[in-house]
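Please read the following report alongside the sequence and the coordinates. The text begins with a single residue and then widens to other parts of the chain.

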Amino acid sequence: MKKVGNHTSISRILLFCVALSLCFSVSTFAQEAAAPAAAAAPAADAAAAPAGAGDPVKGKELFNANCASCHKLDAKSTGPALRGVADKHDKAWLYRWIHNSSEMIKSGDAEAVKLFADNGGVTMTAFPQLAEADIDNIMAYTSQPKEVAAAPAGGGTTAQAGGEGNGGSSNTLILGALVLVLVVLIVMLVLVNKTLRRVAAANGVVVVENEPTLPLWKAYAKNQFLVLVTVILLMLSGAYFLYGYTMQIGVDQNYQPVQPIHFSHKIHAGDNGIDCKYCHSAARVSKNSGIPSLNVCMNCHKNIAEFAGDKDSLYVDHSKEFYTGEIQKLYDAVGWDKAAQKYTGKQKPVKWVRIHNLPDFVYFNHSQHVSVAGVECQTCHGPVETFEVMKQNAPLTMGWCINCHRETDVKVEGNDYYKKIHDELAKKYGVQKLTAANMGGTECGKCHY
Ligand code: HEC
Ligand code: HEC
Ligand code: HEC
Ligand code: HEC
Ligand code: HEC
Ligand code: HEC
C-alpha cells in the first residue's frame, strides 16, 4: 500500500487561515482604539463658549433665579422675550428699569410707559438688590446668539450618529468577512478532496466507497425504546409549554402602550424631581391613584412652552423639537394659545390609554398600601422615575399580591391600634414579625368581592 502524502498543501491552508484570522483581530482592535478619539471631539466643541462683556454663566443663574418666572429668551411669557434686549435700550435705562420699573413708569419715561401699555399693564417686580454687575451678567446671558448655544448640541449629535454608523458598518463588515472566510474554506475543502482523489488515482490507490448502510431514520424507527423515550419527552415539553402559555393569559407585565401625548416620567419625576403625589394626589387617600387632569399640567406648562432640556443630560432621549411638539399637543388639548397667553375655549380632551387594570373581581386599594402600609410607589411600579415611556412593571397576579403579603412586615411603629394587635398576635404565634398575611392578608374575602 502506498501512502498518500499531501502535507504541503494542507499546512499551506492552515497558514493561510491563521494569517486571515490575525488580520481580523487587528482590525477589530483598531476600531476600538478609534472610538474614544471620536468621543473626545464633541467635548472639545462644548468647551468653546462665547465670550462677552459680563459673565453669561453667572447671568444664566441669576436669570433663572429671578427672571425666568416671567421671561423667556425667545418667546413671550408674562413679560416680553429678552434675547437681544440689551441692544434695544441703553445701559443706564436698563439699570433703572430693572431696579424699579414702576417708578420709571410713574416718572413718565416715554419708553417705559409705552412698554407698560404694550404688555397690558402688567407690573414687573422691582429688583433693587441686583448690583449693576449682576445686571451686566444677565444682559450678557440674554445677548448670547441663539445659534451659538445650539451649535455644540448639533455637533454632538452628528458626531454621535457618525459613531453609531461606524459601529453598525464595522459589524456588517466583520460578518461579511466571516462569511467570506467560510466560503473560502468550503471551496478549499472541495479542492483538497479533488486533489487527494487525483493523487490517489495517479498512484493507483483504489478509493473504497462505503457500503450502503441502513438509513438513520429506519434504524431509529426499529428501536422501540428510543421511540418511547422520544414520545415521553415530547409530551413533557408540550405540557410544560402549554402550562407556561396558560399561566401568562391575562398577565400583561411590561405592557407599554403608546400614549396620545408622549409623557416622560423620566423627565418629570426623574430629572425635574416632581413628587409622584403632586400629580397622582389621590393615591394617598383613595382606592385609585388616578391620572392628573390637564389643569394640573397647566400649573407648570403655562410657563414651560418649549423643551430646553440640557443636551448633556442623560434624561433626554428625543430631540428638543419632538418634546416641544408634545407640549404643543397639551396646549391644543386644553385650548391654550401660547402667543396670546390665554385660553381659547376650544378643548379636545386627551384619552390616556389605561395600563394597569386588575380584573373586576379583585379589590385593591392604594391608600391602604401607600398611606397605611407605607409601601413606596416604586416597590410595585418599578423605577418609574427612569421610565421614558410608562409600562406595567409588576405581573399583578394573585401570587404576586400574596407573596408580598407573606413577606412584608406591617408598620406597627407609631400606631397604637397595630401595636396592640401585634403584641397579642406575637404572643399567640410566638413570633416577633407581624406580616400582612398574619393579619389576614391571604384571606380570599379581603381581595375578592
Ligand atoms: C413678575 C414678572 C416679572 C419678573 C420677575 C421680571 N420681569 Fe421683566 N418684565 C415684566 C413685564 C410684564 C415687562 C413688560 C413691561 C411691563 O409691563 O412693565 C417686563 C419688561 C422687561 C424688560 C424690557 C423688555 C423690552 O422688550 O424692552 C427688561 C429688560 C426686563 N423686563 C428685564 C427683567 C430682568 C433682568 C428680570 C430679572 C432680574 C426681570 N425682568 C424679571 C415682568 C417681569
Ligand atoms: C407631572 C405629573 C406626573 C408625575 C410627577 C408622575 N406622574 Fe405618573 N402619570 C402621569 C400621567 C399624565 C400618566 C398617564 C400617561 C402615561 O401613562 O404615561 C401617568 C401614568 C402613571 C402610571 C400608569 C397608569 C396606568 O394607566 O395604569 C403609573 C403607575 C404612574 N404614573 C406612577 C407614577 C409614579 C410612581 C410617579 C413618581 C415616581 C409618577 N407617576 C409621577 C403624570 C405624572
Ligand atoms: C410641576 C411642574 C410640571 C407639571 C405639573 C407638568 N409638567 Fe410637563 N414638564 C415640566 C418640566 C420642568 C419639563 C421639562 C422642560 C425642559 O426641560 O425644558 C416638562 C416637559 C414636558 C413635556 C416634554 C417632555 C416629555 O415628557 O415628553 C411634555 C410633553 C409635558 N411636559 C407634558 C406634561 C403633561 C401632559 C402634564 C400633565 C399630566 C405635565 N407635563 C405636567 C414640568 C411640569
Ligand atoms: C402595593 C402595590 C402598589 C403600590 C405601593 C402603588 N401602586 Fe399604583 N397600582 C397598583 C395596582 C395593583 C394597580 C392597578 C389597580 C387597578 O387596576 O384597580 C395600580 C394602579 C395605579 C395607577 C393607575 C390608575 C389607578 O388608580 O388604577 C396609577 C396612576 C398608580 N397606580 C400610581 C401609583 C402611585 C403614584 C403610587 C405611590 C404613591 C402607587 N401607585 C403605589 C399597585 C400599587
Ligand atoms: C409590596 C407589597 C405588597 C403588594 C405587592 C401587595 N400588597 Fe396588599 N398589603 C401590603 C401590606 C404591607 C398590607 C398591610 C397594610 C396594613 O398595615 O394594614 C397590605 C394590605 C392589603 C389589604 C388589606 C388587608 C387587611 O388585612 O385588611 C388588601 C385587601 C390588599 N393588601 C390587597 C392587595 C392586592 C389585591 C394586591 C395585588 C394586586 C396587593 N395587596 C399587593 C403589601 C402589599
Ligand atoms: C392579596 C389578594 C388576594 C387574595 C388574598 C386572594 N386573591 Fe385570588 N386573585 C387576586 C388577584 C390580584 C387575582 C387576579 C390575577 C390575574 O388577573 O392574573 C386573583 C384571581 C383569582 C382567581 C381567578 C383565576 C386567576 O388566576 O386569574 C381565582 C379563582 C381566585 N383568585 C381565587 C382565590 C381564592 C380561592 C382565594 C383564597 C384562598 C384568593 N383568591 C385569595 C388576589 C387575591
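Leaving aside residues up to four places away in sequence, Asp337 touches Lys342 and Thr344. Asp337 belongs to strand 1, which covers residues 336-337, and in this predicted model Asp337 counts as exposed because 12 other C-beta atoms lie within 10 Å, the exposed class being the one for residues with 12 or fewer such atoms. Lys302 stands 35 residues from Asp337 in sequence, while the C-alpha to C-alpha distance between Asp337 and Lys302 is 9.7 Å.

The interior of the chain can be described through its largest nonpolar core, a set of 13 residues in which Ile138 and Met139 touch the most other members. At least two residues of this core are supplied by each of helix 2 (56-67), helix 3 (91-99), helix 4 (101-106) and helix 6 (132-142), and helix 6 provides the largest share, five residues. Ile138 itself touches Gly59, Leu62 and Phe63, again without counting residues up to four places away in sequence.

Turning to ligand 6, the model places 17 residues around this ligand, the closest being Thr397, Met398, Cys401, Cys444 and Cys447. Two elements, helix 16 (398-407) and helix 19 (444-447), give two or more residues to the shell, and helix 16 gives the most, with four residues. Domain 4 (265-395) and domain 5 (397-449) each contribute at least three residues to the shell around ligand 6. By class, the shell consists of nine nonpolar, six polar and two charged residues.

For the protein chain as a whole, the secondary structure amounts to 19 helices and two strands. Of the 449 residues in the chain, 11% are buried, and among contacts with a separation of 6 or more, 69% join residues that are 24 or more positions apart.

How confident is the predictor, on average, over the protein chain? The average pLDDT is 79, and 81% of the residues score at least 70. Confidence is low in the two segments listed below, where pLDDT stays under 50 over residues 1-11 and likewise over residues 148-167.

| Segment | pLDDT | Contacts beyond four places in sequence |
|---|---|---|
| Residues 1-11 | under 50 | 12 contacts |
| Residues 148-167 | under 50 | 15 contacts |

How values were computed
Residues numbered from 1 in each chain as written. Chains lettered and ligands numbered in written order. Predicted model: local features only at pLDDT ≥ 70, side-chain atom pairs only at ≥ 80, totals over all residues. Near = placed C-beta within 6 Å. Nonpolar A, V, L, I, M, F, W, Y, C, P; charged D, E, K, R; others polar. Domains from an automatic or database assignment. Core = buried A, V, L, I, M, F, W, Y, C linked by C-beta atoms within 7 Å. Buried ≥ 20, exposed ≤ 12 C-beta atoms within 10 Å, placed from the backbone. Contact = placed C-beta atoms within 7 Å. pLDDT = per-residue confidence, 0-100.
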